[in-house]
Amino acid sequence: MLYNVSQLLKEPIGSTREYRVDEIVDGPELLAGKVLGQVNLLHTHQGVLVRGQVQVETAWSCSRCLASVTDTASLEIEEEYFPVIDVITGRRVPMPEDADPTFSIDANHTLDLTEVLRQCLITEAPMKPLCRPECQGLCRTCGVNLNQAACSCGGASDPRWGALADLLRNQN
Ligand SMILES: [Zn+2]
Ligand SMILES: [Zn+2]
């Protein structure tokens with residue numbers, strides 16, 4: 001998701017560009033497909049402020065059963081990018097001290113939104129994502145996916161069988 005901002009940077013501070021986003025991102029982790037929405041680029045005192053709202057397709061693994069899950073997420077992005085080269089003079093400019101070097105406008109005056117989306121997703125993503133709230137996970141003993149099959153190794157965690165096992169144990 002590359003945007004060339006050389007023209008925008010030559011325009012007065014406060015100039016904006018509006019873009020409709022409709023792309024397929026062949027993503028880094030999490031991001032996995034279509035990105036739809038819109039972004040606004042604003043020429044600021046030091047760089048370009050990107051604001052936007054996008055819907056992204058995401059892919060991740062369930063933390064219990066490891067199934068891969070695709071989903072969509074709505075993200076609100078706001079990030080300021082700083083140029084490494086002055087577009088008028090062609091000279092290198094230092095980034096502000098507290099700026100994240102990931103969010104730089106490169107020597108070709110291009111900024112990349114992919115990393116913003118990825119970071120946004122990481123912040124929004126649950127720590128232990130589940131394919132569905134009642135996911136049964138994998139049997140700890142034999143690894144069977146308990147959503148798909150009953151486990152036959154005897155390590156079943158089904159409470160009904162547990163009760164039966166207790167009963168049998170008590171009889172012995
Ligand atoms: Zn699951
Ligand atoms: Zn098992």
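Student: Which arrangement do the four donor atoms around the zinc ion (ligand 2) make, and what angles do they subtend?

Tutor: Before the answer, please keep in mind that this is a predicted model. As a general idea, four tetrahedral donors have an ideal angle of 109.5 degrees at a metal. Here the four donor atoms around the zinc ion (ligand 2) subtend angles of 100 to 114°, and the arrangement is therefore tetrahedral.

Student: Which residues are the protein donors of the zinc ion (ligand 2), and how are they spaced along the chain?

Tutor: The donors are the SG atoms of C139, C142, C151 and C153, which lie 2.0 to 2.3 Å from the zinc ion (ligand 2), and along the chain they follow the spacing C-x2-C-x8-C-x1-C. Within this set, C139 and C153 are 14 residues apart, and each of the two is found in the loop between α2 (114–124) and α3 (159–171).

Student: Are C139 and C153 buried or partly exposed?

Tutor: One has to look at each residue in turn, with the cut-off in mind that buried means under 20% relative accessible area. C139 has a relative accessible area of 6% and is therefore buried, whereas C153, with 34%, is partly exposed.

Student: What coordinates the zinc ion (ligand 1)?

Tutor: The zinc ion (ligand 1) is coordinated by the SG atoms of C62, C65, C131 and C135, at 2.3 Å. The angles among these four donor atoms are 106 to 112°, and the site is tetrahedral. The spacing of the donors of the zinc ion (ligand 1) along the chain is C-x2-C-x65-C-x3-C. Because C65 lies in the loop between β4 (48–61) and β5 (68–83) while C135 lies in the loop between α2 and α3, this pair ties together parts that are 70 residues apart in sequence.

Student: Which of these donors are buried, and which is partly exposed?

Tutor: C65 and C135 are both buried, while C131, at 28% relative accessibility, counts as partly exposed.

Student: With so many cysteines named, how many disulfides are there?

Tutor: A disulfide would need a pair of cysteine sulfur atoms within 2.5 Å, and by this rule the count comes to zero disulfides.

Student: How many salt bridges does a search of the whole structure find, and why can such side chains pair?

Tutor: The general idea is that side chains of opposite charge can pair when their charged atoms come close. In this structure the search finds three salt bridges. One of them is formed by the side chains of E11 and R17, with 2.6 Å from N to O; E11 has a relative accessible area of 26% and is partly exposed, and R17 also counts as partly exposed, at 24%.

Student: Where do K34 and D22 lie?

Tutor: The side chains of K34 and D22 meet in a salt bridge of 3.0 Å, N to O. This pair links distant parts of the chain, with K34 in strand β3 and D22 in strand β2, 12 residues apart. K34 itself is partly exposed, its relative accessible area being 32%.

Student: Where do E115 and R118 lie, and how many residues apart are they?

Tutor: Both residues belong to helix α2, where they are three residues apart, or about one turn of the helix, and their side chains meet in a salt bridge of 3.1 Å, N to O. E115 counts as partly exposed at 21% relative accessibility, whereas R118 is buried, with a relative accessible area of 16%.

Student: Which residues of α2 are buried, and what do they pack against?

Tutor: The buried residues in α2 are T114, V116, L117, R118, C120 and L121. They pack against β2 (16–25), β3 (31–43), β4, β5 and β7 (110–112).

Student: Since several strands have now been named, how many bridges join β2 to β3, and how many join β3 to β4?

Tutor: A careful reading takes the strands pair by pair, looking at direction and at individual partners. β2 and β3 run antiparallel and are joined by 10 bridges, and here V25 has G33 in β3 as its bridge partner. β3 and β4 likewise run antiparallel, joined by 10 bridges, with H43 standing opposite V48 in β4. Between β3 and β4 there is a hairpin, which joins them through four residues.

Definitions and conventions:
Residues are numbered from 1 along each chain as its sequence is written. Chains are lettered from A and ligands numbered from 1 in the order in which they are written. This is a predicted model: local features need pLDDT of at least 70, side-chain atom pairs count only at pLDDT 80 or more; totals for chains, interfaces and linings use all residues. Side-chain values use heavy atoms; hydrogens and water are left out. Buried means under 20% relative accessible area, exposed over 50%, partly exposed in between (1.4 Å probe, protein chains only). Donors are N, O and S atoms within 2.8 Å of the metal (3.2 Å for Na, K and Ca); water is not among the atoms, so sites may look incomplete. Four donors count as tetrahedral if all angles lie between 85 and 135 degrees; four count as square planar and six as octahedral if opposite donors are over 155 degrees apart and all others between 65 and 115; anything else is irregular. Contact means heavy atoms within 4.5 Å. A salt bridge is a side-chain nitrogen of Lys or Arg within 4 Å of a carboxyl oxygen of Asp or Glu. Two strands pair if DSSP finds at least two bridges between them.
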